[in-house]
Amino acid sequence: MGRHKVIESPERLKELFNEYVNWVKDNPFMVHDYVGKDADSVERRKQRPITWVGFEAWLDREGIVTQLTHYEQNANNSYTEYLPIIRACKKQCSSDI
């Protein structure tokens, strides 16, 4: 008997990753800084990085799944169809500088 897939399809994984990316864009870090010759105190918005670990943490916070290890490692060859999406997501994470 195969393992139940919490994320039922590769398309759903991509949708969830896109939701995470949107969350990252909508929730920047607030950083305290000093600017100008008078060193005025300001709060600056800094974009969070898009990372695979951050995606896993976001999925956990959303109550979806705690980790994607089975999907990434293609446990029992049960997740082969997810691998192209995972590679594309990781590539996006790596290129988000």
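In the hairpin of β1 and β2, 4 residues lie between the strands. Gly36 in this hairpin takes a positive phi near 80°. The model is a predicted one. Helices α1 and α2 pack at an angle of about 95°. The count of disulfides comes to 0.

**The hairpin of β1 and β2**

- Strand β1 covers residues 29-35, and strand β2 covers residues 40-46.
- The two strands pair in the antiparallel sense, over 7 bridges.
- Met30 stands opposite Arg45, a residue of β2.
- His32 has Glu43 of β2 as its bridge partner.
- In a regular strand, side chains alternate between the two faces of the sheet.
- Ala39 sits in the loop between β1 and β2.
- Ala39 is not a glycine, yet it has a positive phi of about 50°.
- Ala39 counts as partly exposed, at 40% relative accessibility.

**Helix α1 against helix α2**

- Helix α1 runs over residues 10-26, and helix α2 over residues 52-61.
- Their axes are 10 Å apart, and the angle between the helices is about 95°.
- That angle falls in the range of 65 to 115 degrees, so α1 is roughly perpendicular to α2.
- On the α1 side, the contact is made by Leu13, Leu16, Phe17, Glu19, Tyr20 and Trp23.
- On the α2 side, Gly54, Phe55, Trp58, Leu59 and Arg61 take part.
- By type, the residues of this contact divide into 8 nonpolar, 1 polar and 2 charged.

**Leu16, a residue of the α1 contact**

- Leu16 is found in helix α1.
- Its relative accessibility is 1%, under the 20% limit, so Leu16 counts as buried.
- Leu16 touches Phe55, Trp58 and Leu59, not counting residues up to four places away in sequence.
- On the same terms, Leu16 also touches Ile7 and Ile64.
- Leu16 and Trp58 are 42 residues apart along the chain, and their C-alpha atoms are separated by 9.6 Å.

**Leu68, between α2 and α3**

- Leu68 lies in the loop between α2 and α3, the latter being residues 69-73.
- Leu68 is buried, with a relative accessible area of 0%.
- Neighbours within four places in sequence aside, Leu68 is in contact with Ile7, Leu13 and Trp52.
- Phe55, Glu56 and Leu59 are also in contact with Leu68.
- Leu13 and Leu59, two of these partners of Leu68, also belong to the contact of α1 with α2.
- Asp26 is 42 residues from Leu68 in sequence, and 24 Å from Leu68 in space, C-alpha to C-alpha.

**Asn74, between α3 and α4**

- Asn74 lies in the loop between α3 and α4, where α4 is residues 83-95.
- Asn74 has a positive phi of about 55°, although it is not a glycine.
- At 12% relative accessibility, Asn74 counts as buried.

**Lys90 in α4**

- Lys90 has its place in helix α4.
- The relative accessible area of Lys90 is 31%, which makes it partly exposed.
- Lys90 touches Trp52 and Glu72, leaving out residues up to four places away in sequence.
- Trp52 is also one of the residues in contact with Leu68.
- Lys90 and Ile64 are 26 residues apart in sequence, and 19 Å apart in space, C-alpha to C-alpha.

**Cysteines**

- A disulfide is a covalent bond between the sulfur atoms of two cysteines.
- The count here is 0 disulfides.
- Cys89 is in no disulfide, and the nearest cysteine sulfur, that of Cys93, is 6.9 Å away.
- Cys93 is likewise in no disulfide, with the sulfur of Cys89 as its nearest cysteine sulfur, at 6.9 Å.
- The sulfur atoms would have to be within 2.5 Å to count, so this pair does not qualify.
- Cys89 is buried, with a relative accessible area of 0%.
- Cys93 also counts as buried, at 11% relative accessibility.

Notes. Residues numbered from 1 in each chain as written. Predicted model: local features only at pLDDT ≥ 70, side-chain atom pairs only at ≥ 80, totals over all residues. Heavy atoms only, no water. Axes fitted to C-alpha atoms, helices over the stretch in contact; angles between N-to-C directions. Parallel < 35°, antiparallel > 145°, perpendicular 65-115°, else oblique. Contact = heavy atoms within 4.5 Å. Nonpolar A, V, L, I, M, F, W, Y, C, P; charged D, E, K, R; others polar. Buried < 20%, exposed > 50% of the residue type's maximum accessible area, 1.4 Å probe, protein only. Pairing = 2+ DSSP bridges.
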